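Here's a quick briefing for anyone opening this structure for the first time. Have a look around, then read on for a few places worth visiting.

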Amino acid sequence: MSSENAVVRRVTVLSGGMGGARFLQGLRHGLRTGLVPGADEDTEITVVANTADDIWVHGLKVCPDLDTVMYTLGDGIDPVRGWGRREETWSVKNELAAYGVEPTWFGLGDRDVATHLVRTQMLDAGYPLSAVTEALCRRWQPGVRLLPMTDDRVETHVAVADPDSPSGRRVVHFQEYWIRMRAEVPAETVVAVGIGDATPGPGVLEAIAEADVVILPPSNPVVSVGTILGVPGVRRALADTAAPVVGLSPIVGGTHVRGMAHQMLTSIGVEVSAGAVGAHYGARSNGGVLDAWLVDERDADQVEVATSVGLRSRAVPLMMTDEDATARMAATAVELALATRSDGAAG
Ligand code: GDP
Ligand code: CA
């Protein structure tokens, strides 16, 4: 199909780190191989990435989700770990530990440090994170436009029980909860500090408004997609866009595949099931953000749950085992999104 005939010229994806990045890899592959209906290799992908995982460590600004997307699509990711640079070495981390400087639990690889040095220097020179990200992407050529959800500082913090504290609880940075504590204790509360005052990054609202399809990939619904949706203006943009909005469940067979969506959903009182996450996002026809919701074939019974809250839903394989399987997921998501338009079922 030539691009003049393509009805899907622009796809916008609201992404976290690993789940989002893998999905984007599959989507890009699907566009290049002509698998995505209505689209072709000229279809542009814009990624609105979560920045609430960002952390300052050893004086460096680290943006895990932006970097995971950038490295994955730029073929610089460590494929086994799923984060950080391939063929990484750890001299800097070990030297810092030898000085006894905290945090020692944060995985700061030598190659990765160069990215954070460039970023921190540019931020210090007054460039906003969006401009820094654009500059870093000039090297990595991810084949997508990568936009931080905001240029403002937003940080997810997690409250956990702590019998030694007078209040009985302690608040840690999301990265400490995830990496040092391995998300092994329940998260009592999850707060995205600063989100209420954040402004969407340049191009974010436009990317949603001008998209032909908007996709919520299988990213963490609370600390990835949830924080993006929490940036003032983003929900409104999703409600107003002419594009259909489709999501893919990160919960398969009643649990997250990897990561800690389980803990995060529990902390906000949402049942850990594909249908409940779809209902949590909600139908646009009813004040939510979605028109359509894909669940895994194992969760075929969840289609009814999604349908009952006004979503068009289907059960298909949703395991991102390789690029081909993921491309098929992306193609089905776009197909389902377009179907909500052609039959006037949503809008
Ligand atoms: P993070 O920022 O690195 O945590 O990555 P994301 O928020 O983008 O995605 C993490 C979520 O992706 C996990 O919590 C899982 O629920 C989900 N996930 C990971 N792999 C798969 C997969 O193969 N299929 C599906 N459906 N979901 C997955
Ligand atoms: Ca993340």
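Let's start with a sheet: 3 strands form an open one, in the order E7-E6-E8, with antiparallel pairing. Keep in mind that this is a predicted model. After the sheet come the domains, and then a few spots where the backbone does something less usual.

**The sheet**

- The edges belong to strand E7 (169-173) and E8, each of which pairs on one side only.
- On average, neighbouring strands here are turned by 25° against each other, ignoring direction.
- Strands of a sheet pair through backbone hydrogen bonds, in either a parallel or an antiparallel way.
- Strand E6 (residues 155-161) and E8 take the antiparallel option, and their pairing runs over 5 bridges.
- If you want a spot to zoom in on, try Glu 155, which stands opposite Val 193 in E8.

**The domains**

- The domain assignment splits the chain into domain 1 (10-52 + 199-346), domain 2 (55-148) and domain 3 (155-193).
- Taken over C-alpha atoms, the centres of domain 1 and domain 3 are 27 Å apart.
- Where these two touch, domain 1 puts in 11 residues and domain 3 also puts in 11 residues.
- Which elements give two or more residues to domain 1's side of this contact? They are helix H8 (225-230) and helix H10 (261-267).
- H10 provides the largest share of that side, with 4 residues.
- Sorted by type, the residues on domain 1's side come out as 6 nonpolar, 5 polar and no charged.

**Backbone oddities**

- As background, most residues other than glycine have a negative phi, and most peptide bonds are trans.
- Gln 141 has a positive phi of about 45°, even though it isn't a glycine. You'll find Gln 141 in the loop between helix H5 (129-140) and strand E5 (145-148).
- Is Gln 141 buried or exposed? Gln 141 counts as exposed because 11 other C-beta atoms lie within 10 Å, and the cut-off for exposed is 12 or fewer.
- Arg 182 is another non-glycine with a positive phi, this time about 50°. Arg 182 sits in the loop between helix H6 (174-180) and strand E8 (189-193).
- Arg 182 is exposed as well, with 10 other C-beta atoms within 10 Å.
- The peptide bond from Glu 102 to Pro 103 is cis, with omega near -5°. Pro 103 belongs to the loop between helix H3 (91-98) and helix H4 (110-124).

Technical notes: Residues are numbered from 1 along each chain as its sequence is written. Chains are lettered from A and ligands numbered from 1 in the order in which they are written. This is a predicted model: local features need pLDDT of at least 70, side-chain atom pairs count only at pLDDT 80 or more; totals for chains, interfaces and linings use all residues. A residue is buried if 20 or more other C-beta atoms lie within 10 Å of its own, exposed if 12 or fewer, and partly exposed in between; C-beta atoms are placed from the backbone. Two strands pair if DSSP finds at least two bridges between them. Axes are lines fitted to C-alpha atoms, for helices over the stretch in contact, and angles run from 0 to 180 degrees between N-to-C directions. Domain bounds come from an automatic or database domain assignment. Two residues are in contact if their C-beta atoms, placed from the backbone, lie within 7 Å. Ala, Val, Leu, Ile, Met, Phe, Trp, Tyr, Cys and Pro count as nonpolar, Asp, Glu, Lys and Arg as charged, and the others, Gly among them, as polar.
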